[in-house]
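Here is a short tour of one helix pair and the chain around it. Take a look at the sequence and the structure, then read on.

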Amino acid sequence: MIETSAEYGEAHAPVLQGLWEYVRMGQEDVLRSPYLPASFAFLTHVLLCAPFFVLDALGSVCQRVRSWRISAGSGPPPSLRRWSECFWKVLYKYMTVVFPATALYNTLLSPKLPADAPTCWQLCMEVVACLLLFDMLFFIWHYTMHRVSWLYRSIHQMHHQHHTPFALAAQDSSSAELLSLLLLALSSAWMVGCHPLSEALFHLINTWLAVEDHCGYNLPWALHRLLPCLGGAPHHHAHHRVQTVNYAPFFTHWDHLFGTYRVLPEPIAREHVILLIL
Ligand SMILES: [Zn+2]
Ligand SMILES: [Zn+2]
């Protein structure tokens with residue numbers, strides 16, 4: 001049943017209120033579905049990987065695109081076959097573990113659908129709070145995985161099969177890792193007490209940052225160039241290369257605080273070496 005109480009007070013953003021009423025009235029069954037979090041996570045991940053799939057395809061014919069690759073000298077971009085294999089592996093893990101487990105979690109929490117949309121300020125604050133909280137929880141989780149060898153071997157090692165990651169590899173992990181990270185994200189939103197619209201935006205940004213972390217490109221317009229508090233792809237790429245550094249997923253402050261922040265020198269692209277020789 002839809003809640004009629006104005007739990008979040010007066011809505012000051014007509015656009016958000018209109019959007020929320022449209023979603024709430026027309027899609028209540030979808031919003032209450034226990035499968036929504038995992039479906040949203042999987043679909044947004046695949047969709048947000050699409051631009052990098054195009055870049056990887058262009059990389060075989062365009063030198064400019066290849067020059068943006070962080071490991072430009074270490075071989076060609078991932079092939080269509082590698083993308084396809086990764087997609088089916090991730091889908092299988094979602095179908096067998098992540099969907100059922102998160103459905104149980106969502107059934108226990110029974111999501112609330114307030115009558116009012118959040119204000120713009122509330123939306124921004126909740127999303128930022130969720131990102132900061134998730135970043136901290138992920139840092140603790142990730143640091144522990146690398147410090148406790150049996151946890152690393154049984155849960156996290158599979159993700160490190162990618163010495164040079166690509167966008168879809170953000171989800172190429174063991175079922176236990178996929179599940180625990182999704183539960184960390186859902187718990188972050190629950191602890192902050194997010195409005196469903198704020199939570200959806202948080203999951204969307206969270207997924208985008210994870211995809212960008214693994215994309216393998218240091219793009220001129222990447223988010224970490226605009227916001228220096230973010231590590232971006234070079235930060236996480238260094239973690240895949242040297243596993244004892246850069247444990248935080250998005251922001252860099254926890255790695256600075258714990259002395260695990262590291263910037264690796266960018267390798268010189270093979271094309272640039274050839275140009276220098278010529
Ligand atoms: Zn990774
Ligand atoms: Zn790791």
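## Where two helices meet

In this predicted model, Glu212, Asp213 and His214 of α9 are in contact with Gly232, Ala233 and His236 of α11. Sorted by class, the residues of this contact comprise 1 nonpolar, 3 polar and 2 charged. The helices themselves cover residues 196-214 for α9 and residues 232-241 for α11.

How do the two helices lie relative to each other? Their axes are 7 Å apart and form an angle of about 60°, and the crossing of α9 past α11 is right-handed.

The table gathers the geometry of the pair.

| Item | Value |
|---|---|
| Angle between α9 and α11 | about 60° |
| Distance between the axes of α9 and α11 | 7 Å |

## A closer look at α9

Does the length of α9 agree or disagree with what its residue count suggests? With 19 residues at 1.5 Å a residue, α9 should span 27 Å, and because its end C-alpha atoms are 27 Å apart, the two values agree. The expected span takes 1.5 Å times one less than the number of residues. After α9 comes Gly216, which has a positive phi near 85°.

## The chain as a whole

Stepping back, the protein chain contains 13 helices and 0 strands, so its pattern along the sequence is written with α throughout, as α-α-α-α-α-α-α-α-α-α-α-α-α. Of its 278 residues, 36% are buried. Among contacts between residues at least 6 apart in sequence, 70% link residues at least 24 apart.

Definitions and conventions: Residues numbered from 1 in each chain as written. Chains lettered and ligands numbered in written order. Predicted model: local features only at pLDDT ≥ 70, side-chain atom pairs only at ≥ 80, totals over all residues. Axes fitted to C-alpha atoms, helices over the stretch in contact; angles between N-to-C directions. Helix = DSSP H or I, 4+ residues; strand = E, 2+ residues; numbered from the N terminus. Left-handed = near helix turned anticlockwise from the far one by under 90°. Contact = placed C-beta atoms within 7 Å. Nonpolar A, V, L, I, M, F, W, Y, C, P; charged D, E, K, R; others polar. Buried ≥ 20, exposed ≤ 12 C-beta atoms within 10 Å, placed from the backbone.
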